[in-house]
Amino acid sequence: MTDRYCVFGHPVGHSKSPAIHAAFAAQLGEAIDYTAIEAPLDDFAGAWRAFIAAGGRGANVTVPFKEEAYRLCEVLSPRARRAGAVNTLILGKNGQSNDLKVYGDTTDGVGLVRDLERHGVTLAGARLLVLGAGGAVRGVLEPLLAAAPASLVVANRTAEKAEALAADFADLGEIRGGGFDAISGPFDVVINGTSASLAGDLPPLPDDLFADGATAYDMMYGAEPTVFLRWAGERGARTADGLGMLVEQAAESFFLWRHQRPDTDPVLEALRLAL
């Protein structure tokens with residue numbers, strides 16, 4: 001019997017997850033059925049229960065349901081508990097049919113770190129700046145700090161939100177938060193986790209943001225570089241977008257469900273060509 005998986009979102013029609021997981025399954029000879037489901041804004045839990053009743057075994061969860069997914073889990077991974085959000089739901093641990101608990105994990109952070117590694121970025125001992133203080137940033141701070149950077153600064157339009165976020169992770173390493181106006185570089189790695197790129201906007205950033213050989217990374221992606229990446233490239237930074245992060249977090253979810261790790265390179269290459 002083919003195991004069913006899906007991605008929940010609202011909207012979700014644009015999602016590349018079905019194509020990514022179909023490619024993973026074909027590569028590894030796994031028989032799965034992976035679809036996109038647009039859950040009602042007021043009844044995500046009901047959509048999950050209906051999916052499970054129809055034979056579902058697990059799901060990815062995207063905007064705006066990651067916090068709701070967190071709340072319906074019976075068991076949370078340490079990284080999901082830290083993030084306060086879940087992007088991967090697993091029905092039963094390790095495929096045990098008699099275990100029908102709902103397990104929750106988040107793979108966004110590990111996806112980001114693996115993609116940075118693919119681009120040859122060294123995080124250990126580096127000075128990191130992360131722009132934004134929303135759920136996307138919260139989900140990646142633990143693995144970034146686990147890579148032992150020299151320091152990590154969270155900057156946000158609302159300074160208090162960045163300061164509170166930094167305080168939540170202060171036990172994991174050298175981290176502080178503040179407003180965009182308090183940014184003082186240079187930095188070795190600058191990660192844009194704001195939604196500004198979606199609107200074609202750029203946070204107010206100083207021109208001397210980047211150290212020599214610095215990398216600018218935008219969690220967003222598209223056929224053309226984002227405004228942030230164009231701005232960073234003009235100031236001498238190496239640039240990378242978030243398409244690789246999308247593929248790497250998907251690969252981690254696939255591993256959690258199927259206990260096999262896909263080769264992400266050919267899948268990423270095919271997605272890039274299709275943009």
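Two strands count as paired here if DSSP finds at least two bridges between them. I keep that cut-off at the top of the page, since I am working from a predicted model.

**Entry 1: the parallel sheet**

I started with β7 and β8. Strand β7 (residues 127-131) pairs with β8 (residues 151-156) in the parallel sense, and I find five bridges between them. One of the residues I looked up is leucine 129, whose bridge partner in β8 is valine 153.

Stepping back, I see six strands in an open sheet, ordered β9-β8-β7-β10-β11-β12, with parallel pairing. Which strands stand at the edges? They are β9 (175-179) and β12 (238-240); each has a single partner strand, so one side of each is left without a neighbour in the sheet. Ignoring direction, I get an average turn of 20° between neighbouring strands of this sheet.

I then checked what lies across the sheet. Helix α7 (residues 159-168) crosses β8 and β9, and it runs at about 170° to β9.

**Entry 2: the mixed sheet**

My next stop was an open sheet of six strands with mixed pairing, in the order β2-β1-β3-β5-β6-β4. Its edge strands, β2 (32-38) and β4 (75-76), each pair on one side only.

Inside the sheet I looked at β3 (residues 56-61) and β5 (residues 88-91), which pair in the antiparallel sense over three bridges. Asparagine 60 has threonine 88 in β5 as its bridge partner.

Helix α1 (residues 17-28) lies across β1 (3-9), β2 and β3, and I note an angle of about 175° to β2.

**Entry 3: lysine 66**

What does the UniProt annotation say about Lys66? The unreviewed entry marks Lys66 as "active site". I find lysine 66 in helix α3 (residues 66-72).

Which residues does lysine 66 contact, leaving aside its neighbours within four places in sequence? My list for lysine 66 reads Val61, Ala85, Val86, Asn87 and Asp108.

**Entry 4: the largest pocket**

Lys66 turned up again when I moved to the largest pocket: with Thr62, Val63, Ala136 and Met220, it is among the lining residues nearest the centre. The full lining has 47 residues, and the space in this pocket comes to about 1400 Å³.

Which elements give two or more residues to the lining? I noted β3, α3, α6 (135-146) and α9 (243-258).

Last, I sorted the lining residues by character: 21 are nonpolar, 20 are polar and six are charged.

Terms used
Residues are numbered from 1 along each chain as its sequence is written. This is a predicted model: local features need pLDDT of at least 70, side-chain atom pairs count only at pLDDT 80 or more; totals for chains, interfaces and linings use all residues. Side-chain values use heavy atoms; hydrogens and water are left out. UniProt positions are given in the numbering used here, feature names are shortened, and annotations may be inferred rather than shown by experiment. Helices (H or I, at least four residues) and strands (E, at least two) are DSSP runs, numbered from the N terminus. Contact means heavy atoms within 4.5 Å. Axes are lines fitted to C-alpha atoms, for helices over the stretch in contact, and angles run from 0 to 180 degrees between N-to-C directions. On a 1 Å grid over the protein atoms alone, a cavity is a set of points where a 1.4 Å probe fits but cannot get out, and a pocket is an open set with protein on both sides within 12 Å along at least five of seven lines; lining residues have an atom within 4 Å of a point. Grid points are joined across faces, edges and corners, and a volume is the space filled by probe spheres set on the points. Ala, Val, Leu, Ile, Met, Phe, Trp, Tyr, Cys and Pro count as nonpolar, Asp, Glu, Lys and Arg as charged, and the others, Gly among them, as polar.
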